[in-house]
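Here is a friendly walk through one protein model, meant to be read with the structure open beside it. Please have a look at the fold before reading on.

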Amino acid sequence: MENDIIFQRLEFRNLTIKNRIFRSNISGRFDNYDGSGNQARINWEEKFARGGVGAIVTSFVPVTIKGRIVPNYATIHCDDRIPFWHKVGEKVHEYGCKLIMQLSHSGRQQDIQGVENDYIRQSSTNQTESFHGFECRAMTADEIKQVVQAFGKGAKRAKDAGLDGVELHGANGYLITQFLSSGINDRTDGYGGSIENRARFLLEIVESVRQEVGNNFHFQVKISAEDFNNAVIPWEKSGNKLEDTIKVCQLIEEAGVDAIHVSVGSLFPHPLNPAGKFPLEGKYATDKACNTYDTMLSSGTLTFRNYLLFRYPALHKIFEWLWYRIPRKVYQQPNPVQGLPIKEAELHPDFRKYVSLEEVQHLLETYQGRNLEYAREIKKNVKIPVICTGGFQQASYIRKAISEGFCDAVSIARPLVANNDLVKLFEQGKDIPECPCTYCNRCLLNTLENPLGCYEPARYGDDYDAMISEVMTVFNPPPFPFIEPSTQKVMSEASEVSEASNE
Ligand SMILES: Cc1cc2nc3c(=O)[nH]c(=O)nc-3n(C[C@H](O)[C@H](O)[C@H](O)COP(=O)(O)O)c2cc1C
Ligand code: SF4
């Protein structure tokens, strides 16, 4: 293990992590409605820290209430949030794992506004988003300034909470992408036009964060290497290409960013991210997108159209033709890295009843590491470390990707949701978990309405109750009441006194 690159430390300018595996950002709606946190999030993050990842990059943490994607995500928009995040960090640190907060703003890509946000969504543009039909308006110079400051303040709060770093969510179609993307940003002022102008908003945020946290605090940016902005709606502009993103990465490196986290796509979800299937059919309610997408019906002008496409099997072919149009081409390219061939004995016999060895091999070859070529090109053009996200779940594959210089570390979301102890399994010499993630994306669609977790029945031997009880472990210990340990002590002392006086 000493010579295994996966378990070698990774040194950033301001942070060292114990191995090369990050838990990638993954959002679940288990915080309180108003964005205050509770025990469920602590339980959630603890699962991955216990499982051995070197660092956790949190889910989308809004820096303003207007910047939420949905209610029930913990925010960092005010100082009151600091003690909660301190608790999350403390728990994760017990396992020698680092915690990096993802500072975020949804812009127009807001799935459910929440009652506090009775307004037209903020964006770089007045153009309605073309998949869900989210209406928006271009932010004024004053609003841009306020949001830039909010990112800086959010970073300072993360630092004050004792966390190990911050990441800007500059990927996947949220507000920063809405400025960066040539497919979305149609401004004619200093924030639109050339790539330098489109990057201005991001650079101002980088400056604001550095002003607030100083130079000695870890600071990374998640970015989409290519937009594929026309992936679902073919007549949209295609948006940024890799060369635009390389330019942005060089600019932010120069401005003081410590690492780049490489993703893809100018909306979320996107046909290429998270890579895999779009769940429409199956025997359980949790197998079908229409059962959770209904919660977004009033959110956009096109959500009803999408709902019908998801709801009626006769219309699935239309949606699938559109959704898989770009992936069909992209996945025809050979995978740049090959892991070891999977052996039958490595997979659980019950799992193999539903997903064959050949299917697992095919899934890995299709979806694992598909952003690696981008990561390698970005890495060639910057000096700071590069983390790559997308489909990783096989030790032999990850080892090759890092040792062949595609990236310095990988970040993993769904395969860790499926197997929280993936890194421990690698430590034990396993190449792949016995019930791997099938990239079915049921976790993704369920998170709109249901607690985040793995909803692939095949992974539980088609035992629905077993699946749901695993998902529900995030509520153990239960979220309410969240009582500060100091208060708990006072309460238990008081109850002892009262019991003694009753006797
Ligand atoms: C349910 C779900 C929630 C996610 N939430 C976030 C998020 O809040 N912020 C983010 O940058 N990426 C988010 N992602 C994307 C992941 O971090 C990751 O980059 C992507 O899923 C590809 O990695 P994977 O194949 O290991 O899942 C999410 C993905 C899923 C499936
Ligand atoms: S539901 Fe489970 S198997 Fe499917 S993509 Fe999510 S984590 Fe992977």
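By class, the residues of the shell around ligand 2 comprise eight nonpolar, two polar and four charged. Please keep in mind throughout that this is a predicted model.

**The two ligand sites**

Let us stay with ligand 2 for a moment. The shell there holds 14 residues, and C437, C440, C443, C454 and E456 are the closest of them. Two elements, α16 (414-418) and α18 (442-446), each supply two or more residues to this shell. Of the elements, α16 gives the most, with three residues.

Now turn to ligand 1. Which residues come nearest to ligand 1? They are S24, N25, F60, P274 and A413, out of 27 residues around this ligand. Here the elements that contribute two or more residues are β4 (55-62), α16 and α18. The helices α16 and α18 therefore deserve a second look on your screen, because each gives two or more residues to the shell around ligand 2 and to the shell around ligand 1. By class, the shell around ligand 1 is made up of twelve nonpolar, 13 polar and two charged residues.

**The barrel**

Next comes the sheet. Eight strands form a closed barrel in the order β3-β4-β5-β8-β9-β10-β11-β12, and their pairing is parallel. From one strand to the next, the twist averages 25 degrees.

It is worth zooming in on one pair of neighbours. Strand β3 (residues 21-23) runs parallel to β4, and two bridges join them. Where should you look for the partner of F22? F22 stands opposite A55 in β4. The strand β4 also gives two or more residues to the shell around ligand 1.

On the outside of this description sits a helix to remember for the next section: α14 lies across β10 (259-263) and β11 (386-389). Relative to β11, α14 runs at about 170 degrees.

**Helices that pack together**

Three helix pairs can be set side by side.

| Helix pair | Angle between axes | Distance between axes | Crossing |
|---|---|---|---|
| α1 (residues 39-50) and α2 (residues 82-93) | about 25 degrees | 9 Å | right-handed |
| α6 (residues 200-213) and α7 | roughly 25 degrees | within 10 Å | right-handed |
| α7 (residues 242-254) and α14 (residues 372-381) | about 40 degrees | 10 Å | right-handed |

Take α1 and α2 to begin with. Their axes pack at an angle of about 25 degrees, which makes α1 roughly parallel to α2. On the α1 side the contact is made by R41, I42, E45, E46 and A49, and on the α2 side by K87, V88, K91 and V92. These residues divide into four nonpolar, no polar and five charged.

The pair α6 and α7 crosses at roughly 25 degrees, so α6 is roughly parallel to α7. Here L202, L203 and V206 in α6 meet V248, L251 and I252 in α7. What is the make-up of this contact by class? The contact of α6 with α7 has six nonpolar residues, with no polar and no charged ones.

Helix α7 has another partner in α14, and their axes meet at about 40 degrees. An angle of that kind falls outside the roughly parallel range, which ends at 35 degrees, and α7 and α14 are therefore oblique to each other. From α7, the residues L242, T245, I246, C249 and Q250 meet Y374, E377, I378 and N381 of α14. Five of the residues in this contact are nonpolar, three are polar and one is charged.

**Backbone details**

A few places in the backbone invite a closer look. Most residues other than glycine have a negative phi, and most peptide bonds are trans. With that in mind, find the peptide bond between F268 and P269: this bond is cis, with omega about -10 degrees. P269 is found in the loop between β10 and α8 (290-293).

Another cis peptide bond leads from N273 to P274, with omega near -10 degrees. P274 likewise lies in the loop between β10 and α8, and P274 is one of the residues that come nearest to ligand 1.

Finally, which residue has a positive phi although it is not a glycine? That residue is N72, with a phi of about 70 degrees. You will find N72 in the loop between β4 and α2.

Conventions. Residues numbered from 1 in each chain as written. Chains lettered and ligands numbered in written order. Predicted model: local features only at pLDDT ≥ 70, side-chain atom pairs only at ≥ 80, totals over all residues. Near = placed C-beta within 6 Å. Helix = DSSP H or I, 4+ residues; strand = E, 2+ residues; numbered from the N terminus. Nonpolar A, V, L, I, M, F, W, Y, C, P; charged D, E, K, R; others polar. Axes fitted to C-alpha atoms, helices over the stretch in contact; angles between N-to-C directions. Parallel < 35°, antiparallel > 145°, perpendicular 65-115°, else oblique. Left-handed = near helix turned anticlockwise from the far one by under 90°. Contact = placed C-beta atoms within 7 Å. Pairing = 2+ DSSP bridges.
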